[in-house]
Amino acid sequence: MGTSIAAVRRIRLHCSAVLLLLLVACARIEPPPGGPRDVAAPRLVATRPDSATVPGDFDGEVEFIFDETVSEGSSPSMGFGTGDLEKLVLLSPTDRVPDVSWKRSRITVKPAEGWQPGRVYRVELLAGVVDLRRNRSNASTTVTFSTGAATPTTRLTGRIMDWTLARPARGALVIAILLPDSLPYRTLADTAGWFDLGPLPAGEYLTYGVVDQNKNQRQDGREAWDTVRIAGDTTTVSTFWAFPHDTIGPRITAIAVTDSLTGMVSFSQPLDPAQRLDSSVVRLVQLPDSTPVPVISLLPKRMHDSLYPVKAKADTTARDTLAPALRERPLKPPVPADTARARADTTRPPVPVREPLADKLWLRVASPWTAGAKYLLEVRGVRNANLASADARQTLSAPEPKPVPADTTKAAPDSLRAAPPPAPPAPPSQ
């Protein structure tokens with residue numbers, strides 16, 4: 001009996017020792033408290049294969065190797081393009097989402113359809129890789145190699161402007177389709193709208209500049225875009241002026257009376273800035289009898305304001321002496337977001353200036369609106385920015401005059417006037 005108890009005790013002691021060793025082995029090793037905090041972003045130390053090489057029958061993975069473990073992010077790569085690492089990879093030429101894998105200090109990439117022979121591949125890893133302490137890398141890198149095609153030397157450079165806002169399209173998507181094979185190469189513009197795509201195979205390209213609003217690295221139907229065809233001996237792309245394209249002409253969404261002779265007409269799309277609508281295509285009638293109302297003009301705001309300036313109220317204390325000088329200055333191009341970089345680079349050609357696209361016109365009538373009356377406006381052949389035209393019509397109502405508030409100062413008692421003193425009490429009766 002004693003021997004059995006001693007054996008059980010030895011077994012328990014042995015199990016406790018083993019459990020203690022396991023706990024020590026699984027303990028997390030952390031830097032001592034009070035040490036220097038790691039604020040360095042992950043640094044790329046190597047890529048495989050090397051860029052500008054011709055590995056021929058390459059069948060492996062493109063690797064981006066960092067000096068520390070990087071984060072996979074909260075959304076893993078599942079082949080749908082929604083993973084945090086998938087959003088940082090641009091693989092060309094392909095329209096499919098590539099296979100992106102996280103391997104601690106390495107990020108690997110390969111096409112979902114496999115490497116095709118005789119092509120030039122371009123794998124761009126965008127800025128945004130973070131380590132386990134959330135330190136973010138602001139550097140991007142590109143690996144370009146060939147699976148048998150000639151060594152690429154062509155570069156396409158240019159700028160993308162958001163025409164609707166008249167400013168650079170920050171981070172816009174650039175797609176260059178090599179003709180006649182329809183091989184798409186992609187990159188992103190910088191913060192000032194400039195892009196540099198290459199090296200690419202020599203040939204003719206159909207290029208697109210897209211304001212990628214949902215950041216999915218694809219051209220979607222409602223996003224603003226522009227296209228330019230590039231000949232085989234050209235490397236500089238003319239400026240993209242991206243705007244929403246619609247094959248259906250614009251319609252009038254609302255008309256607001258702004259003063260006694262003016263109304264603001266809002267359309268469903270940006271309009272063709274070169275179109276001028278005269279009285280032959282504009283018709284305004286007063287309802288219900290369809291009485292014609294003479295229309296003087298239907299113009300963009302800048303032209304309307306120059307013809308019919310608003311009379312400012314007399315104010316001798318604060319006269320605006322700068323307004324005339326500002327009105328006489330020529331229109332300047334928009335200042336890019338990355339002003340330091342844009343000003344330092346004098347090698348890039350200047351960007352031509354364009355008026356912003358507008359979806360509103362100002363209507364001027366010959367006689368004042370009739371208070372409370374209803375009107376019908378018809379505009380024939382109004383064009384949108386990509387020259388699709390339509391006949392548009394809409395009703396408007398002239399506002400009723402506001403009632404004048406009654407003057408209650410005379411009828412209301414003056415509450416500030418002192419109340420009369422109280423009457424003295426009556427003497428007591430004898």
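## Side-chain contacts in a predicted model

Let's start with an arginine: Arg-393 is exposed, with a relative accessible area of 52%. Keep in mind throughout that this is a predicted model. The side chain of Arg-393 meets that of Glu-378 in a salt bridge, at 3.2 Å from N to O. This pair links distant parts of the chain, with Glu-378 in strand 22 and Arg-393 in strand 23, 15 residues apart.

Glu-378 has another partner as well: its side chain and that of Arg-283 form a salt bridge, also given as 3.2 Å, N to O. Since Glu-378 lies in strand 22 and Arg-283 in strand 18, the pair ties together parts that are 95 residues apart in sequence. Taken together, Arg-283, Glu-378 and Arg-393 are linked in a network of salt bridges. How accessible are the other two members? Glu-378 counts as buried at 19% relative accessibility, because the cut-off for buried is under 20%. Arg-283 is partly exposed, with a relative accessible area of 38%.

A search of the whole structure finds 14 salt bridges. One of them joins the side chains of Arg-222 and Asp-246. Here the partners sit in loops: Arg-222 between strand 13 (204–210) and strand 14 (225–230), and Asp-246 between strand 15 (240–242) and strand 16, with 24 residues separating the two. Arg-222 is exposed, at a relative accessible area of 66%, whereas Asp-246 is buried, at 17%.

The salt bridges described so far can be set side by side:

| Side chains | N to O distance |
|---|---|
| Arg-222 and Asp-246 | 3.4 Å |
| Glu-378 and Arg-283 | 3.2 Å |
| Glu-378 and Arg-393 | 3.2 Å |

Now for the nonpolar side of the picture. The largest nonpolar core has 24 residues, and those with the most contacts inside it are Leu-284, Leu-363 and Leu-377. Several strands supply at least two residues each, among them strand 16 (252–259), strand 18 (282–287), strand 22 (374–383) and strand 23 (389–397). Which strand gives the largest share of this core? That is strand 22, with four residues.

Leu-377 is a good place to look around. Leaving aside neighbours within four places in sequence, Leu-377 is in contact with residues including Ile-252, Val-265, Leu-284, Leu-363 and Ala-392. Its contacts also include Arg-283 and Arg-393, both of them members of the salt-bridge network with Glu-378. A second, separate core has 22 residues, including Ala-169, Leu-183, Tyr-205 and Ala-224.

Next, the aromatic rings. The structure holds ten aromatic pairs. In one of them, the ring centres of Trp-115 and Tyr-121 are 4.8 Å apart and the planes stand at 90°, so the pair is edge-to-face. Trp-115 is buried, with a relative accessible area of 12%, and Tyr-121 counts as buried at 1%. Ring pairs link these two with Phe-58 and Phe-145 into a cluster.

Trp-163 and Phe-243 also form an edge-to-face pair, because their planes are at 80° with the centres 5.6 Å apart. Trp-163 is in the loop between strand 8 (154–162) and strand 9 (167–168), and Phe-243 is in the loop between strand 15 and strand 16, 80 residues apart. Both Trp-163 and Phe-243 are buried.

Trp-163 has a charged partner too: Arg-354 lies over the face of its ring, at 4.7 Å from the ring centre. Likewise, the charged end of Arg-364 sits over the ring of Tyr-308, 4.3 Å from its centre.

Methods: Residues are numbered from 1 along each chain as its sequence is written. This is a predicted model: local features need pLDDT of at least 70, side-chain atom pairs count only at pLDDT 80 or more; totals for chains, interfaces and linings use all residues. Side-chain values use heavy atoms; hydrogens and water are left out. A nonpolar core is a set of buried Ala, Val, Leu, Ile, Met, Phe, Trp, Tyr and Cys residues joined through side-chain atoms within 4.5 Å. Buried means under 20% relative accessible area, exposed over 50%, partly exposed in between (1.4 Å probe, protein chains only). Contact means heavy atoms within 4.5 Å. A salt bridge is a side-chain nitrogen of Lys or Arg within 4 Å of a carboxyl oxygen of Asp or Glu. Rings of Phe, Tyr and Trp (its six-membered ring) pair if their centres lie within 6.5 Å; planes under 30 degrees apart count as stacked, over 60 as edge-to-face and the rest as tilted. A charge sits over a ring if NZ of Lys or CZ of Arg is within 6 Å of the ring centre and within 35 degrees of the ring normal.
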